[in-house]
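Reader: I'd like a close look at one part of this protein, the packing in its main nonpolar core and the polar spots around there. Could you walk me through it in one go?

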Amino acid sequence: MRQRKVGDTMTTPSEPGAGRLDPSLSAIMSERRQLINLAYRLLGSLADAEDVVQETYARWYAMSRQQQEAIEAPGAWLTKVASRVCLDLLGSARARRERYVGEWIPEPLPERTEWISARPGGAAVDPADRVTLDESINMAFLVVLESMTPAERVALILHDVFRYSFAEVAEIVGRTPAACRQLASSARSRIRAAQPPATPSARRAGIVREFKQAWEAKDIDALIGLLAPDATATADGGGLASALLHPVEGGEQIARLLVGLAADRAPDLIFLERTVNGQPGLVAQHDGVTVMVMALDVAGDRIQHIWAVRNPEKLRPWTAG
């Protein structure tokens, strides 16, 4: 199985383990970024992705030195194991999320320059610092992935994003190459059906800025004008008492909800324009602490979807210390 990459920085020797005397250890640990990239896309959670990578390395180090040396391509072996661990987790994730309080939204990622890449002392690197941003990381894409079967999700990500052949995907998924090709095709169709033609980045940023200004001004008419008539807003509060438990549908209904929230909380909140999963979004801060991250999907000149994450566990990469 050949090695693949997303972007041009998937494998770096500067991860933990680099510079040690054992060159094989350095080579193994340098695959950490690729594994985090893969697991985050498959699971939509940095915490779960980090757990998958730890489990993958645990299985590697559980082998004897002779068993390790017998593996011709350690990076490919790690990718295969991580993918299978993700498959197992995806199989149980649906049941776990049925018990989740409120709606479940993938964990939002900050833009690279805003990531908190080191904790006090400079020892640990945040998992977010190892995720490469591209179109497969935007929130709309990740939300559609949530509707897929585990096999569809793995086939699509491994083939279309990481450029593995269907023969290689078949080894991981445990199906024939033809079946994996069909899984990826089905997944691709779902993506195309769910995602409208892309709006130019500068225009998206302008619409998000206008949305922020209208929200701060409590201008309900301006908000209605910026929201698609059939827009939806979904909040993930992770059980917070004040969080919405169900999506709100309709541009006017969403605008009235936002104005109500601004009237209640605006004096205490500061809204900032930030990149969320590679696209223009908003962050709400209270006393300098991020309390909400909002991803927005723009279709044409209107906002079609809003995903607001308030679950503190999912705001790790956005919060200092």
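Author: Here's a walk through the core, then a helix that feeds it, then two buried polar side chains.

Keep in mind that this is a predicted model. For the overall setting, the protein has twelve helices and six strands. Of its 321 residues, 49% count as buried. If you look at contacts with a separation of 6 or more, 64% of them are between residues 24 or more positions apart. The accessible surface is about 14700 Å², and carbon and sulfur atoms hold 53% of that.

Now the core itself. The largest nonpolar core has 51 residues, and the members that touch the most others are Val 154 and Ile 157. Quite a few helices chip in: α1 (23-29), α2, α3 (46-61), α5 (74-98), α6 (139-145), α7 (150-161), α8 and α9 (177-194) each give two or more residues to this core. Leaving out residues up to four places away in sequence, Val 154 touches Leu 42, Leu 87, Leu 90, Ile 172 and Val 173. There's also another core lying apart from this one, with 27 residues, including Ala 233, Val 259, Met 292 and Ile 306.

Two of those Val 154 partners, Ile 172 and Val 173, take us to helix α8. That helix runs over residues 166-173 and is mostly covered, with six of its eight residues buried. Those six are Phe 166, Glu 168, Val 169, Ala 170, Ile 172 and Val 173, so you'll spot a Glu in the list. After α8 comes Gly 174, with a positive phi near 80°.

On to the polar side chains. Arg 41 sits in helix α2, which covers residues 32-43. Arg 41 counts as buried because its relative accessibility is 0%. What does its side chain pair with? One polar contact, at 2.9 Å, goes to the side chain of Asn 37. Another, at 2.8 Å, links the side chain of Arg 41 to that of Ser 136.

Thr 79, in helix α5, is the other one to check. Its relative accessibility is 1%, so Thr 79 counts as buried too. The Thr 79 side chain makes a polar contact of 3.1 Å with the side chain of Gln 34. Skipping residues up to four places away in sequence, Thr 79 touches Gln 34, Leu 35, Leu 38 and Tyr 164.

Definitions and conventions: Residues are numbered from 1 along each chain as its sequence is written. This is a predicted model: local features need pLDDT of at least 70, side-chain atom pairs count only at pLDDT 80 or more; totals for chains, interfaces and linings use all residues. Side-chain values use heavy atoms; hydrogens and water are left out. Helices (H or I, at least four residues) and strands (E, at least two) are DSSP runs, numbered from the N terminus. Buried means under 20% relative accessible area, exposed over 50%, partly exposed in between (1.4 Å probe, protein chains only). A polar contact is a pair of N or O atoms within 3.5 Å; within protein, one must be able to donate a hydrogen and the other to accept it, and residues adjacent in sequence count only if both atoms are side-chain atoms. Contact means heavy atoms within 4.5 Å. Accessible areas come from the Shrake-Rupley method with a 1.4 Å probe; for residues, only the protein chains shown count as cover. A nonpolar core is a set of buried Ala, Val, Leu, Ile, Met, Phe, Trp, Tyr and Cys residues joined through side-chain atoms within 4.5 Å.
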